[in-house]
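Student: I would like to go through this structure with you and ask, for each label, what earns it.
Tutor: Then let us take the labels one at a time and set each value against its rule.

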Amino acid sequence: MNAESCAVLRGRHYRTGNVVEVAVAEGVIRSVIDVSASPSEGNLPWLAPGLVDLQVNGCYGWDMNALPLRPETVSELTRALLRDGVTAYCPTIITNGSPAIEQAAGAIAAAVRGDSAAAASIAGIHLEGPFISPEDGPRGAHPREHVGPPDWEAFRRWQEAAEGLIRIVTVSPEWPGSAAFISRCAESGVLVSIGHTAASPEQIREAVSAGAVLSTHLGNGAHLTLPRHPNYLWEQLAADELHGCMIADGFHLPPAVLKVILRMKGKKAILVSDAVSFCGMPPGAYRHHIGGDVVLTPEGKLHVADHPNLLAGSAMPLLEQVAYLASRELAGLGEAWDCGSAHPAELLGLPQAAGLEAGAPADLVLFERNGNAMHVLITYKGGCPVA
Ligand SMILES: [Zn+2]
């Protein structure tokens, strides 16, 4: 089918499990009809809205932070994500020198200009850094020499190079002047996320008052040891204004922490892959320009070669994280899926936030469940099947 034609997809609704017929025309869902009363035809696949990933550094060998970034890399990454059910995403540029950030931002903008699939799928750039904590621990793998206090003029230059595409910026509000920077971002329509932070609870609250709306991979990019209370984790958990992003790959956060974030944040709980370029690749030993020698285990854990307990990034696609939440009964399938779909779409103001409803874009995933695992059978972007 093409975007102009009509089609009816049949599958089990991801929230109810009921068999539904979803009519699609001109890229939009026209109707969703429950036909579970009519005779069943065996094991139908599941049907859900496309996944939305706010933090993607790469996958299948494509790397947003291997410079110089080429627009073709962005296009290839977009197609790989589409095949995995991700119909909207934020390519993520991490802390680097100013010219490097400008170059990467410009390459993503060029991809959006020149490639209709990238234009339709890229919901904006996530700039993670460089205005984050300089401290070991909270800083994570971000290079210390490029970390610094918020600089609006530098940000404006990067936004210009990005042709206005920067949509999320991760900052730590521990720097003086953070509140003013956050206010300016919020006024210009950029979502500010608190992350890689050693901020005090007061600084977290000030950032929220200034307009921060999100926490970047809450519970990771943090000190190994914290005062029991108060601390920046409790403060972000308790801030109802903040959406909370979490990496649910079974390695970054224990199930109890995931459960607490899910319960505290409700419809503001968001799954992010935070995937690096090894995501989707076969298990084995690899070399990374940031993490050095790393190992990807068959279970999907990516660790520093000599230190199995030291994570070297996330390598689990968003779909598998949805499956993780559902299989651990941390959330029902519908809620788990919405954490990777409707909730981030709502934050970004995308029409995909409506989910599997008439009037929403026909960004759809037909998938099967096999025990605890999920597999995409086919992704539809704007009503078109993705090859
Ligand atoms: Zn990070």
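Student: How many salt bridges does the rule find across the interface of domain 1 and domain 2?
Tutor: The rule finds one salt bridge across that interface, where a salt bridge is a side-chain nitrogen of Lys or Arg within 4 Å of a carboxyl oxygen of Asp or Glu. Before we go on, note that this is a predicted model, in which local features need pLDDT of at least 70 and side-chain atom pairs count only at pLDDT 80 or more, while totals for chains, interfaces and linings use all residues. Residues are numbered from 1 along each chain as its sequence is written, and side-chain values use heavy atoms, with hydrogens and water left out.

Student: What makes D338 and R15 a salt bridge?
Tutor: The closest N and O atoms of D338 and R15 are 2.9 Å apart, and because the limit is 4 Å, the pair qualifies. The structure holds 13 salt bridges.

Student: How do you know where domain 1 and domain 2 begin and end?
Tutor: The bounds come from an automatic or database domain assignment, which gives domain 1 as 6–47 + 364–385 and domain 2 as 50–352. The C-alpha centres of the two domains lie 29 Å apart.

Student: What is the extent of the contact between domain 1 and domain 2?
Tutor: Counting heavy atoms within 4.5 Å as contact, 14 residues of domain 1 are in contact with 19 residues of domain 2. The two domains bury about 1300 Å² between them, 69% of it on carbon and sulfur atoms; buried area here is the accessible area (1.4 Å probe) that two parts lose on being put together, summed over both. Of the area that domain 1 buries against domain 2, Y14, M374 and K381 supply 45%, more than any other three residues.

Student: Why are E128, H196 and H217 called donors of the zinc ion?
Tutor: Donors are N, O and S atoms within 2.8 Å of the metal (3.2 Å for Na, K and Ca), and since water is not among the atoms, sites may look incomplete. The OE of E128 and the NE2 of H196 and of H217 lie 2.0 to 2.1 Å from the zinc ion, so these atoms meet the 2.8 Å limit. In sequence the donor residues are spaced E-x67-H-x20-H. H196 lies in the loop between β11 (191–194) and α6 (201–210) and H217 in the loop between β12 (214–215) and α7 (232–238), so the pair ties together parts that are 21 residues apart in sequence. Helices (H or I, at least four residues) and strands (E, at least two) are DSSP runs, numbered from the N terminus.

Student: Are H196 and H217 buried or exposed?
Tutor: H196 and H217 are both buried, a word that stands for under 20% relative accessible area, with exposed over 50% and partly exposed in between (1.4 Å probe, protein chains only).

Student: Why is E235 called buried, and E202 partly exposed?
Tutor: E235 has a relative accessible area of 18%, which is under 20%, so E235 is buried. E202, at 49% relative accessibility, counts as partly exposed, and R205 is partly exposed with a relative accessible area of 42%.

Student: What joins E202, R205 and E235 into one network?
Tutor: The closest N and O atoms of E235 and R205 are 2.9 Å apart in a salt bridge. This pair links distant parts of the chain, with E235 in helix α7 and R205 in helix α6, 30 residues apart. The side chains of E202 and R205 also meet in a salt bridge (3.9 Å, N to O), and both residues lie in helix α6, three residues apart, about one turn of the helix. Salt bridges that share partners thus join E202, R205 and E235 into one network.

Student: Which residues of α6 are buried, and what do they pack against?
Tutor: P201, I204, A207, V208 and A210 are buried in α6, and the buried residues of this helix pack against α5 (178–187), β11 and α7.
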